[in-house]
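Hi there,

Here is the structure I promised to pass on. Have a look at it first, and my notes follow underneath.

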Amino acid sequence: MMRLRTKRKTGRLVLVMLMLLAIMASSVPPTNADHGDAPTPGQDQATAIGDIYFFLDPNDNSRVIIASDVHGFIVPSQNANLGFFDPNVRFHYLIENTGDARADLFIDVTFTRQTSRTTPQTATIAFSTGQSFTAPTTVSRSATDFTTLTGPTDTVPAPPQVVTTDSTTGVKFFAGLVDDPFFFDIPSELCYRNSRIAGTTPPRGTPANPDPTSINPKCFDRKRDSFAGYNILMVALSVPRALLVGNTGATSLGCSVAMQRRSPVAFAKDGTTIGFGRYLTIDRMGIPAVNTLFIRPLQLKDAYARADPIDDANGKFAGEIVAALQGLQTDQTSIGILAAVAVSKGDMLRLNLNLPNTGQQGGTNPEAAFPNGRRPVDDALDTIITLINSRQPVRPNGEVDGVNANDVLFQNAFPFFAPSNMPFGVSAGAEDRTRN
């Protein structure tokens with residue numbers, strides 16, 4: 001698929017490095033992006049987080065956008081079959097407004113059972129303050145829509161995105177299938193990561209012998225977006241910042257999301273739920289790629305996914321994260337930055353409320369970019385990989401994987417994420433818009 005937008009990287013990564021250094025000095029860490037990072041969420045796609053986003057609405061900086069998605073890699077031909085939310089799963093958003101790793105507020109989002117492919121589910125949005133409201137989801141279009149096509153056309157349009165505004169809290173809400181907003185080249189990153197690890201071969205627990213000649217930036221010559229053309233289930237909220245700050249006077253906020261499943265659950269013969277236990281965390285996310293890149297033993301990845309920011313701040317995974325970075329030939333300065341970001345105040349996004357966010361597609365001004373929260377356009381993984389490369393450009397042109405923007409444009413207003421990709425129509429033939 002043709003790239004619809006490009007970003008200039010020259011000078012941008014330098015700015016981001018300076019921001020990360022400032023964050024470390026002030027003990028305020030930043031954000032996360034994962035797809036399939038741990039075994040259990042990988043087997044339970046309704047809980048498998050793709051990404052979390054946290055940013056000021058560029059159209060109204062008095063509002064904070066909180067969004068996260070699950071169940072990635074939904075092909076358009078399966079939109080109707082897979083484009084609904086599990087009624088036994090809860091989106092559990094943790095909001096911190098006092099400067100530590102302990103959540104001060106919670107926002108929970110749950111859904112009713114799907115009753116037909118054409119009827120919205122009902123979402124319940126509940127705040128730890130006791131306030132709550134309900135809203136319909138956006139229904140995914142069915143393949144039967146194509147039976148009405150009579151002439152040459154590429155596709156039928158995606159369904160309009162349904163946004164509900166609660167009159168009491170002022171919160172706006174959207175839930176439904178969208179184009180997967182993450183843009184990155186997975187095979188290239190795996191190739192590059194393995195080339196870095198190849199230069200540190202001693203047994204675990206013994207000093208590494210870095211071999212910089214093993215590092216192969218040519219792995220990134222593919223320049224293919226692994227997520228182009230796929231859909232994902234998104235929940236997005238636009239929340240008045242006053243509701244999140246309360247009476248604390250906070251000028252910054254932290255946010256992460258935990259995907260939780262009721263356990264155990266008992267079903268009747270018709271599939272309805274007749275009994276259930278408490279919610280247990282299956283996956284969680286805050287800072288990009290921590291579990292994916294820095295938690296190495298497979299059995300530890302589930303433990304990390306089920307932990308919380310307080311565990312991070314208590315150092316539960318600190319040794320593993322540092323050891324992984326050493327194995328990637330990262331220098332001590334960058335190890336210090338990344339360890340502080342992922343550990344000191346927990347795996348949470350951090351957003352400066354006094355730093356304006358402006359521009360199209362959810363905001364584009366560099367000074368408000370990741371690690372100041374995370375916007376749809378922010379190329380967060382390029383920043384992380386540059387830090388792994390000891391803050392040096394991975395490639396001479398300043399790019400990392402060469403996938404510098406989403407395959408389709410984001411929207412300029414809430415919910416900002418692009419509508420779902422639709423199956424090709426009668427004239428599209430064998431054209432393939434994915435970039436695997």
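To begin with the whole chain: of the contacts in the protein with a separation of 6 or more, what percentage do residues 24 or more positions apart account for? The figure is 72%. Please keep in mind that this is a predicted model. The protein has eleven helices and 13 strands, and 56% of its 436 residues are buried.

**The disulfide**

Searching the whole structure turned up one disulfide. Its partners are Cys191 and Cys219, with 2.0 Å between the sulfur atoms. The torsion about their S-S bond is about -50°, so this disulfide is left-handed. Cys191 belongs to helix H4 (residues 186-197), while Cys219 sits in the loop between H4 and strand S10 (231-240), so the bond ties together parts that are 28 residues apart in sequence. As for exposure, Cys191 is partly exposed at 34% relative accessibility, whereas Cys219 is buried at 8%. Another cysteine, Cys255, is buried as well, with a relative accessible area of 0%.

**Aromatic rings**

There are twelve aromatic pairs in the structure. Phe85 is a good place to start. With Phe91, the ring centres are 6.1 Å apart and the planes stand at 65°; an angle over 60 degrees counts as edge-to-face, so that is what this pair is. With Phe111, Phe85 forms a stacked pair, 4.1 Å from centre to centre and with 10° between the planes. That second pair links distant parts of the chain: Phe85 is in the loop between helix H3 (79-82) and strand S4 (89-96), and Phe111 is in strand S5 (residues 105-111), 26 residues apart. Are these rings buried or exposed? Phe85 and Phe91 are both buried; the relative accessibility of Phe85 is 4%, and Phe111 is buried too, at 5%.

Elsewhere, ring pairs join Phe73, Phe182, Phe184, Phe227 and Tyr230 into a cluster. You may also like Arg284, which lies over the face of Tyr304, 4.0 Å from the ring centre.

**Around H3**

Helix H3 is also the place of Asn81, which is partly exposed at 37% relative accessibility. Asn81 and Arg141 are 60 residues apart in sequence, yet their C-alpha atoms are 9.6 Å apart in space.

**The S6-S7 hairpin**

Strand S6 (residues 122-127) runs antiparallel to S7, and five bridges join the two. Thr122 stands opposite Pro136 of S7. Four residues lie between the strands of this hairpin, where Gly130 takes a positive phi near 100°. Which residues of S7 are on its covered face, and which on the uncovered one? In this strand (residues 132-136), Phe133 and Ala135 make up the covered face, with Ser132, Thr134 and Pro136 on the uncovered one.

**Helices H7 and H9**

Tyr304, the ring under Arg284, is one of the buried residues of helix H7 (residues 298-306), along with Lys301, Asp302 and Ala305. Why do these residues line one face of the helix? Viewed down the axis of H7, the buried residues fall within an arc of 160°, so they line one face. As general background, an α-helix has 3.6 residues a turn, so residues three or four places apart point the same way. The buried residues of H7 pack against helix H2 (39-43), strand S12 (273-285), helix H6 (290-294) and helix H8 (309-313).

In helix H9 (residues 318-327), the buried residues are Glu320, Ile321, Ala323, Ala324, Leu325 and Gly327. Their cover includes H4, H6 and H7, together with helix H10 (332-344) and helix H11 (380-388). H4 is also the helix that holds Cys191, and H6 also packs against the buried residues of H7. After H9 comes Gln329, with a positive phi near 65°.

If you open the model with these notes beside you, the disulfide, the rings, the hairpin and the two helices can be visited in that order. Happy browsing, and do write back with any thoughts.

Best wishes

Notes:
Residues numbered from 1 in each chain as written. Predicted model: local features only at pLDDT ≥ 70, side-chain atom pairs only at ≥ 80, totals over all residues. Heavy atoms only, no water. Disulfide = S-S within 2.5 Å. Buried < 20%, exposed > 50% of the residue type's maximum accessible area, 1.4 Å probe, protein only. Phe/Tyr/Trp six-rings, centres within 6.5 Å; stacked < 30°, edge-to-face > 60°. Lys NZ or Arg CZ within 6 Å of the ring centre and 35° of its normal. Pairing = 2+ DSSP bridges. Arc of directions from axis to C-beta. Contact = heavy atoms within 4.5 Å.
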